[in-house]
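Open the model in a viewer and keep the selection panel at hand. The tour goes from helix packing to single residues and then to aromatic rings.

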Amino acid sequence: MSLMLADSLISASGFVEGEWDSMLAGINWGALAGYIAAAITVYLFAYGITLGMACDAVETGTAAIGGGLSRFFSRIGHLILAGILVSIMVAVGLLLCVLPGLAAMFFLMFTSAGIVYSKRSAMEGISGSIE
C-alpha cells in the first residue's frame with residue numbers, strides 16, 4: 001500500500017524516476033573542464049600582467065612590460081590559486097542556476113587586482129573583492 005502511495009505521489013509531482021541521473025548525464029563535463037582551464041589561463045595572463053603594468057604606471061609614472069611581468073611572476077602562486085577558486089565558484093554558481101554564477105562573477109571581479117596591487121594572498125584577495 002505504501003509503495004503504491006509513494007509511486008502515485010512521485011508521478012503526481014511530475015518527477016520521473018532517474019531524472020536527476022539524466023540531467024547529470026546531459027552535462028558536458030569536458031566542456032566544463034575546458035571552461036575552467038581557459039578561465040584560469042585568461043585570468044592569469046591577461047589580468048595579472050596588465051595589472052602589474054598598471055601598478056607600475058601608478059607608482060613610477062611609466063608602464064613597461066618588464067615591470068608588469070616581474071610583478072606578475074612575484075604573485076603568480078596567489079594568482080593561480082585565486083584563479084582556480086574563482087573559476088570553481090563561478091562554474092558551480094552557473095551550474096546551480098545562472099544568477100548565482102553571475103553574482104559570483106560580479107563580486108569576485110576585483111580579486112586579481114587585490115592580489116597584484118595590494119600584494120594580498122589569494123584568500124585575502126577573494127574576501128577583499130567581495131567587500
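A crossing of two helices is right-handed if the near helix is turned clockwise from the far one by less than a right angle, and left-handed if it is turned anticlockwise. The model on screen is predicted.

**Stop 1: α5 and α8**

Select α5, residues 76-96, together with α8, residues 122-130. α5 passes α8 in a right-handed crossing. The two axes are 8 Å apart and the packing angle is about 50°, which makes α5 oblique to α8. To see what touches, show side chains: α5 contributes His78, Leu81, Ala82, Leu85, Val86 and Met89, and α8 contributes Ala122, Met123 and Ile126. Coloured by class, this contact has eight nonpolar residues, one polar residue and no charged ones.

**Stop 2: α5 and α6**

Keep α5 and replace α8 with α6, residues 98-107. Here the axes come within 5 Å and cross at roughly 155°. Angles over 145 degrees count as roughly antiparallel, and α5 and α6 are therefore roughly antiparallel to each other. The handedness of this crossing is left-handed. On the α5 side, select Met89, Val90, Gly93 and Leu94; on the α6 side, select Val98, Pro100, Gly101, Leu102, Ala104 and Met105. The contact of α5 with α6 divides into eight nonpolar and two polar residues, with no charged residue. Met89 belongs to this contact and also to the contact of α5 with α8.

**Stop 3: Lys119 and Arg71**

Move to the loop between α7 (111-117) and α8, and pick Lys119 there. What is the sign of phi at lysine 119? The value is positive, near 55°, in a residue other than glycine. Most residues other than glycine have a negative phi. Lysine 119 is exposed, with a relative accessible area of 56%.

Lys119 is one of the residues touched by arginine 71, so select that arginine next, in helix α4. Is arginine 71 buried or exposed? At 10% relative accessibility, arginine 71 counts as buried. Leaving aside residues up to four places away in sequence, arginine 71 touches Gly52, Cys55, Asp56, Glu59, Val116, Tyr117 and Lys119.

**Stop 4: the aromatic rings**

Now show the aromatic side chains. How many aromatic pairs does the structure hold? There are three. Begin with phenylalanine 45 and phenylalanine 72: their ring centres are 5.6 Å apart and their planes stand at 45°, so the pair is tilted. This pair links distant parts of the chain, with phenylalanine 45 in helix α3 (residues 29-60) and phenylalanine 72 in helix α4 (residues 65-74), 27 residues apart.

Switch on a surface to compare the two partners. Phenylalanine 45 is partly exposed at 44% relative accessibility, whereas phenylalanine 72 is buried at 0%.

Next, select phenylalanine 106 and phenylalanine 107. The centres of these rings lie 5.2 Å apart with planes at 80°, so this pair is edge-to-face. Phenylalanine 107 is partly exposed, with a relative accessible area of 41%.

To finish, return to Phe45 and Phe72 and add Phe73 to the selection: Phe45, Phe72 and Phe73 form one aromatic cluster.

How values were computed: Residues numbered from 1 in each chain as written. Predicted model: local features only at pLDDT ≥ 70, side-chain atom pairs only at ≥ 80, totals over all residues. Heavy atoms only, no water. Phe/Tyr/Trp six-rings, centres within 6.5 Å; stacked < 30°, edge-to-face > 60°. Helix = DSSP H or I, 4+ residues; strand = E, 2+ residues; numbered from the N terminus. Buried < 20%, exposed > 50% of the residue type's maximum accessible area, 1.4 Å probe, protein only. Axes fitted to C-alpha atoms, helices over the stretch in contact; angles between N-to-C directions. Parallel < 35°, antiparallel > 145°, perpendicular 65-115°, else oblique. Contact = heavy atoms within 4.5 Å. Nonpolar A, V, L, I, M, F, W, Y, C, P; charged D, E, K, R; others polar.
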